[in-house]
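Got the model open in your viewer? Keep the selection tool handy, and let's walk through it one stop at a time.

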Amino acid sequence: MDNNQEIRVLVVGSGNIGGAMACGMSTGGAKVILYNRSAKRLERYLGREDMQCTTDLATAFSLKPDIVLICIEGHAVESWLESAGPLLSSSHAIVASAAASVSISQMEATLKPFISKPKLLRILPNIAAKLGKSVNLLASSGLSTEEISTVKNLLSATGVCIEIEERLFGAAMSLSSCGIAFALRYVRACTEAGVELGLSPWQASDITAAVLSGTAAMLEHKENGRRPHAEELVDSVTTPGGLTIKGLNEMENNGFSKAVLAGIKAAVK
């Protein structure tokens with residue numbers, strides 16, 4: 001597994017996350033095998049030349065995947081691992097789960113009858129993977145430094161990859177996966193305000209989306225080797241007695257930061 005051109009990834013499940021990850025990785029050059037029990041769920045991908053689709057699991061494994069990425073609902077992961085255990089045992093593939101609720105220790109326990117020392121990954125992507133803009137959280141067990149580096153390189157085609165202690169997955173997920181909905185609710189509020197002030201819904205939405213994109217770019221930009229703190233950027237766009245600080249203070253008076261904090265903490269619970 002020296003580069004994405006040689007990596008074969010079996011994606012199990014063609015739902016929102018599975019489809020997004022399959023499209024992102026195949027666009028990045030990986031050889032993607034997309035499996036789903038239902039042929040109908042695969043129809044949208046059949047015309048793509050950069051991935052192979054199948055409803056037969058044995059056929060999928062016969063293509064010798066290096067990584068098996070499980071993108072099905074959390075409650076079904078352990079039973080799937082049990083049924084696919086013999087195939088996984090003979091394939092020697094890295095086993096990865098994108099289910100938010102399934103831990104590495106759970107996967108390890110389920111695979112123990114089939115694999116004594118499995119190579120396991122817990123990956124939490126988000127739906128933006130199909131656009132190459134996912135935040136991929138990553139924890140691993142049994143992988144070498146080189147293998148982890150290869151996985152990160154593979155995932156780079158779908159977005160950024162952040163290796164994190166598994167115990168912090170809940171907190172990180174509330175920012176990465178749930179965060180898309182939180183950000184979109186902000187966009188909706190801005191759009192409603194813009195319409196009330198006379199803009200069209202599309203004008204207000206386009207302006208807000210462009211502002212978010214520019215804000216992200218400023219947060220990522222390094223000057224003199226360091227990235228700015230969010231509050232530094234706030235200070236840079238507020239002037240004494242100006243409109244921006246008046247708007248910010250009114251948002252805080254109405255509980256803006258308190259509401260965001262409460263929502264993120266509730267998502268972790």
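Start by selecting strand β1 (residues 8-12) and strand β4 (residues 67-70). The two run parallel, joined by 4 bridges. For a landmark, pick L10: V68 in β4 stands opposite it. Bear in mind that this is a predicted model.

Now add strand β2 (residues 31-35), which also pairs with β1 in the parallel sense, this time over 5 bridges. Click on V11 and look for its bridge partner in β2, which is L34. To see how the chain gets from β1 to β2, show helix α1 (residues 16-27). The path goes through α1, and this β-α-β crossover is right-handed.

Before leaving β1, colour by burial. How many of the 5 residues of β1 are buried? The count is 4, so the strand is largely enclosed by the rest of the structure.

Next, zoom out to the whole sheet. What order do its strands follow? Reading across, it goes β3-β2-β1-β4-β5-β6-β7-β8, an open sheet of 8 strands with mixed pairing. Select β3 (51-54) and β8 (159-163) to find the edges, where each strand pairs on one side only. Look along the sheet and you'll see the twist, which averages 25° from one strand to the next.

Move along to β5 and β6. They run parallel, with 3 bridges between them. S97 is a good residue to click here, since its bridge partner in β6 is R122.

Keep those strands on screen and switch on helix α4 (residues 104-111). This helix lies across β5, β6 and β7, running at about 140° to β6. Which of its residues are buried? Select I104, M107, T110 and L111. These four cover an arc of only 130° around the axis, which puts them on the same side of α4. The spacing makes sense: an α-helix has 3.6 residues a turn, so residues three or four places apart point the same way. Show what the buried residues of α4 pack against and you'll light up α3 (74-91), β5 (94-97), β6 (120-124) and β7 (134-141).

Last stop: select helix α6 (residues 169-176) and helix α7 (residues 178-196). They pack at an angle of about 35°, with their axes 4 Å apart. Show side chains for M173, S174, L175 and S176 of α6, then C178, G179, I180 and F182 of α7, and you have the contact. By type, those residues divide into 5 nonpolar, 3 polar and no charged.

Note on methods. Residues are numbered from 1 along each chain as its sequence is written. This is a predicted model: local features need pLDDT of at least 70, side-chain atom pairs count only at pLDDT 80 or more; totals for chains, interfaces and linings use all residues. Side-chain values use heavy atoms; hydrogens and water are left out. Buried means under 20% relative accessible area, exposed over 50%, partly exposed in between (1.4 Å probe, protein chains only). The arc is that of the directions from the helix axis to the C-beta atoms. Contact means heavy atoms within 4.5 Å. Two strands pair if DSSP finds at least two bridges between them. Axes are lines fitted to C-alpha atoms, for helices over the stretch in contact, and angles run from 0 to 180 degrees between N-to-C directions. A crossover is right-handed if, with the strands pointing away from the viewer, the path from the first strand over the helix to the second runs clockwise. Ala, Val, Leu, Ile, Met, Phe, Trp, Tyr, Cys and Pro count as nonpolar, Asp, Glu, Lys and Arg as charged, and the others, Gly among them, as polar.
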